[in-house]
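Trainee: I am new to this structure. Please take one part of it and go through that part closely, with enough of the surroundings to place it.

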Amino acid sequence: MTTTDEELVARAQGGDIESFNQLIVRWERPIYALAYRVIGKEEDARDVCQDAFLRAYRALPGFKGQAKFSSWLYRIALNLCRDWIRRQRRAPVSQLPEDTDAMELASETGPAESIEDLVARRELSAIVEEAMSELSEEQRTAIILKEYHGMTFQEIADMQGCPLSTVKTRLYQGLSLLRRRLEQQGHMMPELVKRV
Amino acid sequence: MNDIFQCGDSAALVAYLYDECAPGEQALIDAHLKGCAVCASEIDGLRATRRTLAAWTPPEQALGFRVTREDEPRPAKILEPNIAWWRAPLPAWGQAAAALLIFGVGLAVGTSRTAPQDQTTAVRTASVLPASVTAVGASRDDLTQLEQRIRTELGQLRTSNTATPVAAARGSDDALIQRIKTMIDESAADERRAFTERMLNMADVIERQRRVDLAQIGNSMGQFRGATRDEIRQQNEAFSEALRRLVSDTPR
């Protein structure tokens, strides 16, 4: 039976470091993904991710379980991302490396994915990333939390400290901008199933 | 949320898009979309955008953070030791050893490639080869010195490694790697300089040889031309003599 986050938190608060390390194993990838998508730089996202866990560990005695541990952790990471963006004072920029190594790509392919498919996926990923970087920080964060972390409107509102209606507006406006941008470039994914 | 959905209500459409409608609203919007091409097109476009967004994946990163106690041997609070061995960065001594190995192979390949060329050049241009063409030897010396420096660095690292804390060792690792990179850059620059010198010297040798060859050809041509002129003169004289005899012997 899987130990819940709450149980691990309680043990960690009692001084069991290994329980906190289990929480890290459980949440480091989503937190890194959040940081990378918000700030757009691999190494900085890694630093933010590490810093988020360090701060969470230090603040653990004060965590009373009012929110889910993951929501609390996301909020810490998001605040660190905001601090990073303020320090940088520029939009996140991240491109596909120009000197993409075919051998390196080949090692990343799954059994059913050809190198051509992988290159196409990486290119599309870079295009989406570039389009996302043109959104406002609030729109981008709302879309990231919704699309890639499956948060509810209410959770995003709590995270962003804004009304629920504002979250919906940010999502709608952000998606509409992305849609226009991707359609202009001809990169919109075709509709898989026609609505009836 | 409104009990009656109004056409073009973006908040309601977003809620519908993400399946977070208020109770009863879902069926209401479903019914509306069947008769409203504009809203149906809007939902289709937003769905296509969502599918495209799914392509954005963050790059793979070796994470493996861990929290350790202050009193544990490792001084850093959060480290990343849980990386698979094939993805883990090489320690400094390993990187230095790899650098040495690469230099050794490069040196061997370079020696095996340059030796026959030098011999051939020496045979063809021995008479005009300048004595100052020693760039290859100097470059090898540089490489030998470089190897010696790396070995010294490696020895110092090994002796200090046991007592050095992890953070400090990591700092010295970075410094060592930086020094090795600098040395590699210097070596590459030396190699380029040596290669350029070799090329310039070779071009000089070829040019001198060309001039010598042209001079020899010119002399040969002159001798040939001189010889031909003499023969023609002799033939003319013989012809004139024969003509004179013929005229004097002819009865009047």
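Mentor: Two residues are in contact if their C-beta atoms, placed from the backbone, lie within 7 Å. This is a predicted model. In chain A, among contacts between residues at least 6 apart in sequence, 62% join residues at least 24 apart. Chain A has nine helices and zero strands, and buried residues account for 32% of its 196 residues.

The part to look at is helix 9 of chain A, residues 164-185. Its 22 residues reach 32 Å from the first C-alpha to the last, close to the 32 Å expected at 1.5 Å a residue. Just after helix 9, Gly186(A) takes a positive phi of about 70°.

The buried residues of helix 9 include the leucines Leu171(A), Leu175(A), Leu178(A) and Leu182(A). Val167(A), Tyr172(A) and Gly174(A) are also buried, as are Lys168(A), Arg170(A) and Arg179(A). An α-helix has 3.6 residues a turn, so residues three or four places apart point the same way.

Within chain A, the buried residues of helix 9 pack against helix 6 (115-133), helix 7 (137-147) and helix 8 (153-160). They also pack against helix 1 and helix 3 of chain B.

That leads to the contact between the chains, which takes 40 residues from chain A and 30 residues from chain B. On the side of chain B that touches chain A, helix 1 (10-17), helix 3 (37-53) and strand 1 (66-67) each supply at least two residues. Helix 3 of chain B gives the largest share, ten residues. By class, that side of chain B has 17 nonpolar, six polar and seven charged residues.

How values were computed
Residues numbered from 1 in each chain as written. Chains lettered and ligands numbered in written order. Predicted model: local features only at pLDDT ≥ 70, side-chain atom pairs only at ≥ 80, totals over all residues. Helix = DSSP H or I, 4+ residues; strand = E, 2+ residues; numbered from the N terminus. Nonpolar A, V, L, I, M, F, W, Y, C, P; charged D, E, K, R; others polar. Expected span 1.5 Å × (residues − 1). Buried ≥ 20, exposed ≤ 12 C-beta atoms within 10 Å, placed from the backbone.
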